[in-house]
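Okay, thanks everyone. I'll put the structure up and then talk you through a few parts of it.

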Amino acid sequence: MRSDVLISGAGPTGLVLALWLTKLGVNVHIIDKTSAAGTTSRALAVQARTLELYRQLDLADAVVAQGHKVPAVNLWVKGEKKAQIQFGSLGSDLTPFPFLHIFQQDQHECLLIERLEEMGVSVQRQTELLGFVDEGERVVARLRGPDGIEQNWEARYLAGCDGARSLVRETIGTGFPGGTYKQVFYVADVEATGPSLNGQLHVDLDEADFLAVFPLAGEGRARLIGTVRDERAEHPETLRFEDVSGRAMTRLKVEVKQVHWFSTYRVHHRVTEHFRKGRAFVLGDAAHIHSPAGGQGMNTGIGDAINLAWKLAAVLDGYAPDRLLDSYEAERIGFAHRLVATTDRVFTFVTAEGRVADLVRTRLAPALIPAFFHFEGVREFLFRTVSQITLNYRGCPLSEGVAGDVYGGDRLPWATAAGSDNFSSLTAMTWQVHVYGSASDALRQWCADHAMPLHVFDWQPQHEATGFARNALYLIRPDTYVALADTSGRPEALDTYFTSQGIRLPMARAMSTAQCDIAAHPREIHES
């Protein structure tokens with residue numbers, strides 16, 4: 001048995017990788033040792049950047065429709081709400097999805113599985129990866145199926161999306177340095193009533209142990225997330241909801257009617273030393289784990305999958321050399337290290353012990369945080385960071401040039417004009433060129449000759465405000481990041497870029513310049 005790519009693990013990271021690869025025509029085999037998709041979950045937040053990327057698979061609307069937009073965060077001290085941070089129009093000029101979105105991981109996985117099955121691919125359940133050998137030209141994996149029978153599976157590449165105890169990571173020997181938080185986390189999905197069950201996010205600042213109420217879709221439904229570090233943390237397996245629920249009931253005034261799920265776990269902060277070795281890759285929790293502060297974990301794993309998918313497809317199709325795959329680690333490992341460091345600092349601050357820490361949490365934070373949010377710069381910085389739209393690959397091997405305020409490696413900035421936006425063309429998982437202003441005849445001809453979609457937008461004040469340079473050339477990667485930003489707008493820049501990267505583009509079949517139409521207005525985008 002064989003496939004182009006064998007994916008071990010059918011959580012969000014593995015499912016998204018399978019979806020993207022299948023959409024790009026790659027033959028995948030995805031396995032998971034569980035008997036069914038999860039019915040409980042820890043991950044909740046789907047960040048704006050993930051929703052932007054989900055437009056490529058027509059997933060964003062479904063995720064938004066089935067989830068819950070959080071309008072505000074409330075800070076509580078001594079059983080009283082002391083401050084509220086309204087999100088309002090925060091990020092409305094930065095992304096089509098300017099909000100914090102809650103969508104439970106179990107429902108999220110079901111949606112991904114459904115879409116994958118519509119494309120003819122099913123997760124092979126109760127199938128475990130026992131080991132594998134990288135033979136240079138292929139990977140030979142040993143699988144054990146639901147009937148207990150073992151078989152060899154051949155694949156060109158292996159993707160380890162198999163979680164924090166990843167067998168793929170252990171086999172390639174890239175280590176998992178880091179540490180473990182002393183706190184024990186607990187999560188509980190409940191039906192409840194009370195002032196903190198109003199569809200908003202509520203955080204109690206009283207103690208060094210974290211406690212928050214996250215709204216879920218549906219009236220009266222919420223997720224409680226908290227930590228304990230006293231003697232109860234020594235035996236987390238014995239903890240019951242009754243052991244930890246008192247604080248939520250008294251401090252956040254939660255009146256629990258029913259508990260649907262309760263679980264405890266410890267959290268680590270670790271990053272593997274390499275994301276690739278030979279023909280094996282690690283993604284998501286197999287590559288990096290960290291505090292849940294900021295709701296970044298699942299989104300980062302999904303970002304790993306999308307980053308790797310188009311590169312695997314290009315190499316498998318023969319349009320790029322194997323060295324293109326080295327850029328996966330180069331682009332993702334730096335972000336993983338920054339993310340672990342950032343979430344660690346935030347979590348350490350929130351859970352710091354001592355009189356000074358208590359004073360900062362209970363007196364200063366409720367007063368200063370809302371005050372800071374009145375400053376547009378602070379609001380924008382925080383939204384950009386948490387939403388992951390600020391994530392970029394500047395200085396990485398595939399990123400070149402600068403035009404205006406846009407650098408090679410940046411996420412393509414979102415710009416709206418004349419009732420449309422420049423993200424509409426990004427549903428195509430392909431290289432494409434954007435020009436804001438006018439494109440030369442030479443550039444039009446080059447795009448026609450290379451079957452390269454060219455999208456030209458009439459110059460508008462919004463484009464300048466967004467940071468684009470007039471008449472510059474922006475080469476967009478299949479994952480919607482800017483590969484090349486060139487102020488000259490000349491096609492020679494494209495020739496140089498693709499030649500240096502060793503990437504080959506298919507030639508157009510008798511396509512004339514006239515057939516490669518240019519969009520004179522944003523809503524007239526044409527893909528050749």
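Let's begin at glycine 25, which sits just after α1 and takes a positive phi of about 85°. Keep in mind that this is a predicted model. The protein chain averages a pLDDT of 90, and 95% of the residues score at least 70. The part to be careful with is residues 509–528, where pLDDT stays under 50; the model has 48 contacts beyond four places in sequence for that stretch.

Back to the helix itself. α1 covers residues 12–23, so to speak a 12-residue helix, and reaches 16 Å from its first C-alpha to its last, close to the 16 Å expected at 1.5 Å a residue. How many of its 12 residues are buried? It's 11, so α1 is largely enclosed by the rest of the structure. Among the buried ones are Pro12, Gly14, Leu17, Trp20 and Thr22. And what covers them? The cover includes β1, β2, α2, α4, β10 and α8.

That takes us to the packing. The largest nonpolar core has 130 residues, and Ile7, Trp431, Val433 and Leu475 touch the most other members. The largest share of this core, 12 residues, comes from α8. There's also a second, separate core of 19 residues, which includes Tyr186, Leu211, Ala222 and Leu252. As a general point, nonpolar side chains tend to be buried together in soluble globular proteins.

If you want to click on one residue, try isoleucine 7. Leaving aside its neighbours within four places in sequence, isoleucine 7 is in contact with Gly14, Leu17, Ala18 and Leu21, among others. Those four are also buried residues of α1. Its contacts further include Val28, His29, Ile30, Ile31, Ala159 and Cys161.

Now over to Val433, another of those core residues. Valine 433 stands opposite leucine 454 in β24. The strands here are β23, residues 432–436, and β24, and they pair in the parallel sense over four bridges. Put helix α12, residues 441–449, together with β23 and β24 and you get a right-handed β-α-β unit. In β24, Leu454 and Val456 point one way, His455 and Phe457 point the other way, and all are buried. That fits the general pattern: in a regular strand the side chains alternate between the two faces of the sheet.

Phe457 comes up again with histidine 463, which is found in helix α13. Histidine 463 touches Phe457, Ala415, Ala417, Tyr436, Asp458 and Phe468, not counting residues up to four places away in sequence. Is histidine 463 buried or exposed? Buried, with a relative accessible area of 2%.

Next, the open sheet. Eight strands form it, in the order β6-β5-β12-β13-β14-β11-β15-β18, and the pairing is mixed. β6 and β18 are the edge strands, each pairing on one side only. Inside that order, β5 and β12 pair in the parallel sense over four bridges, with valine 73 opposite leucine 201 in β12.

Last item, for anyone who likes backbone torsions. Most residues other than glycine have a negative phi. Lysine 78 has a phi near 55°, a positive value, and its place is in the loop between β5 and β6. Aspartate 58 has a positive phi of about 55° too, although it is not a glycine; look for aspartate 58 in the loop between α2 and α3. Lysine 78 is exposed, with a relative accessible area of 66%, and aspartate 58 is exposed as well, at 55%.

Terms used
Residues numbered from 1 in each chain as written. Predicted model: local features only at pLDDT ≥ 70, side-chain atom pairs only at ≥ 80, totals over all residues. Heavy atoms only, no water. Buried < 20%, exposed > 50% of the residue type's maximum accessible area, 1.4 Å probe, protein only. Helix = DSSP H or I, 4+ residues; strand = E, 2+ residues; numbered from the N terminus. Pairing = 2+ DSSP bridges. Right-handed = clockwise from strand over helix to strand, strands pointing away. pLDDT = per-residue confidence, 0-100. Contact = heavy atoms within 4.5 Å. Expected span 1.5 Å × (residues − 1). Core = buried A, V, L, I, M, F, W, Y, C linked by side-chain atoms within 4.5 Å.
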